[in-house]
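Please open the structure in a viewer and keep the selection tool at hand. The tour below proceeds stop by stop, stating at each one what to select and what is found there.

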Amino acid sequence: MFNFTFHNFTKVHFGEGQISQIQHDIPQSAKVLLVYGGGSIKNNGIYQQVTQALSAHQVVEFSGIEANPQYDTLMQGVALAKAQQVDYILAVGGGSVIDGCKFISAALKFDGQDPWDLMIQKAAVTAVVPMGVVLTLAATGSETNPATVVSRGEDKFGLFNPILRPQFAVLDPSVTLSLTDRQISNGVVDAFVHVIEQYLTYPVNAKVQDRFAEGLLLTLIEEGQKVISAEHKNDLEVRANLMFSATMALNGLIGTGVPHDWSTHMIGHELTAAYGIDHARSLSILLPSMLRERQQVKQAKLLQFAERVWNITDGTDDQKIAAAITKMEQFFKQLGAPICLSDANLDESHIPDIIQRLKGHGMTALGEDQMVTLDVVERILNRAL
Ligand code: NZQ
Ligand code: ZN
């Protein structure tokens, strides 16, 4: 196991009715920027719960953050927050609203010319306006992690800094009941791939992280299959287990002291930015082909994945690995997620464009060993046709 320092300071309030807790976590004297997306929170009771909890606070609203948040939209939030002199931000939404708020919180304290410099690493984040989260979609883990992903036109970049972590996050599984089947499936797939990209690399004898990761994968498979069934569709216990899994998948814990491979995510971001494919669906398209192409490098962990997660013990090593990847594909299919480019109406004519985009963004040596070069990506995309 590698050396590590683990410090996740985000306070989590988990369970039904917990939104009311926010009144105690946001300082009474704070002027709060209440931020949300396209308005789903107004149709499912979340907005009422939040405004009731903040009835003793001074609140300014900013809405309209789109899926895959855009810089121009976020800068409108920055302008409003500056004009209103807000000193606390409350994100009420999924990964897009939360990431958008993280950017706004850093941009408000940025003293250079253009806050986009933060995203392209031309300037460092040194201070933020404190923020909290009411999570409405279990998927990204953004609610307790130090990452934000922001788009500007067709450029999509991630930024990581510990001070971007929210101060608190409310995880009430009942608020996820208003999600569409597609958004629910997307959440399961995204969380699953987050675990995979921190687990399925090479062994470093990190037993705790491995077994936590396997526990999360098993839970996502079990509860993911339930949540799409008529019988358990509105089962709050299923929603609760999925919600906590998604948070734990990317809160830093399973990724401490182990190698990471974010290549599927990095290529996926290009598919989203260029062709508007949902984040999670870009991952389900790429991951099976990524694992097949990288089977040699990942052999030991793929075997562990086959045996411990899919209970595959018969056959040669190659057969076990092939069976595990097929099982994973079947799971994605059950969830209604695409597993190849043609499922998303893309074909080989799109491959040069994807490669060019990765090159333009400097994504030319991805993976746990930096060996996912552009020619390897090309092979992966061809496998994924
Ligand atoms: O806009 P609203 O009205 O909120 O509607 C949203 C949106 O249309 C809707 N929704 C959310 N909660 C709902 C709901 N609809 C009904 N009932 C509810 N309770 O769902 C739609 C999608 O929301 P979005 O926030 O875009 O989804 P998600 O949470 O999957 O976030 C995706 C974004 O997060 C980034 C992705 O790249 C993408 O931009 N990621 C962020 C990460 C991070 N910060 O750590 C890691 C991830 O790998 C990912 O890259
Ligand atoms: Zn993701």
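## First stop: strand E6 and its hairpin

Select residues 147-152, which form strand E6: 5 of its 6 residues are buried, so the strand is largely enclosed by the rest of the structure. The model on display is a predicted one.

Extend the selection to residues 155-160, strand E7, which pairs with E6 in the antiparallel sense over 6 bridges. Two facing positions may be picked out here. Thr148 lies opposite Leu159 of E7, and Val149 has Gly158 of E7 as its bridge partner. Between the two strands of this hairpin there are 2 residues, and Gly153 takes a positive phi near 60°.

## Second stop: ligand 1

Now select ligand 1 together with its surroundings. The shell consists of 31 residues, of which Gly38, Gly95, Ser96, Thr136 and Lys156 come nearest to the ligand. Sorted by class, this shell contains 9 nonpolar, 19 polar and 3 charged residues.

Which elements supply at least two residues each of the shell around ligand 1? They include strand E6 from the previous stop, and with it helix H4 (95-107), helix H6 (181-199) and helix H9 (263-275). Colouring by domain adds a further view: domain 1 (11-174) and domain 2 (180-383) each contribute at least three residues to the shell.

Individual atom pairs can be displayed next. A polar backbone atom of Gly38 is 2.7 Å from an oxygen atom of ligand 1. For Ser142, an N or O atom of the side chain is 3.3 Å from a nitrogen atom of the ligand. For Gln183, an N or O atom of the side chain is 3.0 Å from an oxygen atom of the ligand. Taken alone, ligand 1 exposes 970 Å², and the protein buries 87% of that area.

## Third stop: strand E4 and its neighbours

Select residues 88-93, strand E4, in which 6 of the 6 residues are buried. Is each face of E4 covered or uncovered? Both faces are covered: Tyr88, Leu90 and Val92 on one side are buried, as are Ile89, Ala91 and Gly93 on the other.

Add strand E2 (residues 31-36), which runs parallel to E4 and is joined to it by 5 bridges. Within this pair, Val32 stands opposite Tyr88. Then add E5, which also pairs with E4 in the parallel sense, over 5 bridges. In that pairing Val92 faces Val134 of E5.

## Fourth stop: buried residues with distant sequence partners

Continue along the chain from E5 towards E6, and select Asn145 in the loop between strand E5 (131-135) and E6. Asn145 has a relative accessible area of 4% and is therefore buried, the cut-off being under 20%. Its C-alpha atom is separated by 9.7 Å from that of Met248, although the two residues are 103 residues apart along the chain.

Select Tyr199 next, in helix H6. Tyr199 counts as buried, at 1% relative accessibility. From C-alpha to C-alpha, Tyr199 and Gly255 are 7.7 Å apart in space, and they are 56 residues apart in sequence.

The third residue of this stop is Ser289, in helix H10 (residues 279-293). Ser289 is buried, with a relative accessible area of 5%. Its C-alpha atom and that of Ile339, 50 residues apart along the chain, are separated by 8.9 Å.

## Last stop: two asparagines with positive phi

Most residues other than glycine have a negative phi. Two residues are to be selected with this in mind.

Select Asn205, in the loop between H6 and helix H7 (207-227). Phi of Asn205 is near 55°, a positive value in a residue other than glycine. Is Asn205 buried or exposed? With a relative accessible area of 57%, Asn205 is exposed, the cut-off for that class being over 50%.

Finally, select Asn311, in the loop between helix H11 (299-309) and helix H12 (317-334). Asn311 likewise has a positive phi, near 60°. Its relative accessible area is 62%, and Asn311 is therefore exposed.

How values were computed:
Residues are numbered from 1 along each chain as its sequence is written. Chains are lettered from A and ligands numbered from 1 in the order in which they are written. This is a predicted model: local features need pLDDT of at least 70, side-chain atom pairs count only at pLDDT 80 or more; totals for chains, interfaces and linings use all residues. Side-chain values use heavy atoms; hydrogens and water are left out. Buried means under 20% relative accessible area, exposed over 50%, partly exposed in between (1.4 Å probe, protein chains only). Helices (H or I, at least four residues) and strands (E, at least two) are DSSP runs, numbered from the N terminus. Two strands pair if DSSP finds at least two bridges between them. A residue is near a molecule or strand if one of its heavy atoms lies within 4 Å of it. A polar contact is a pair of N or O atoms within 3.5 Å; within protein, one must be able to donate a hydrogen and the other to accept it, and residues adjacent in sequence count only if both atoms are side-chain atoms. Accessible areas come from the Shrake-Rupley method with a 1.4 Å probe; for residues, only the protein chains shown count as cover. Ala, Val, Leu, Ile, Met, Phe, Trp, Tyr, Cys and Pro count as nonpolar, Asp, Glu, Lys and Arg as charged, and the others, Gly among them, as polar. Domain bounds come from an automatic or database domain assignment.
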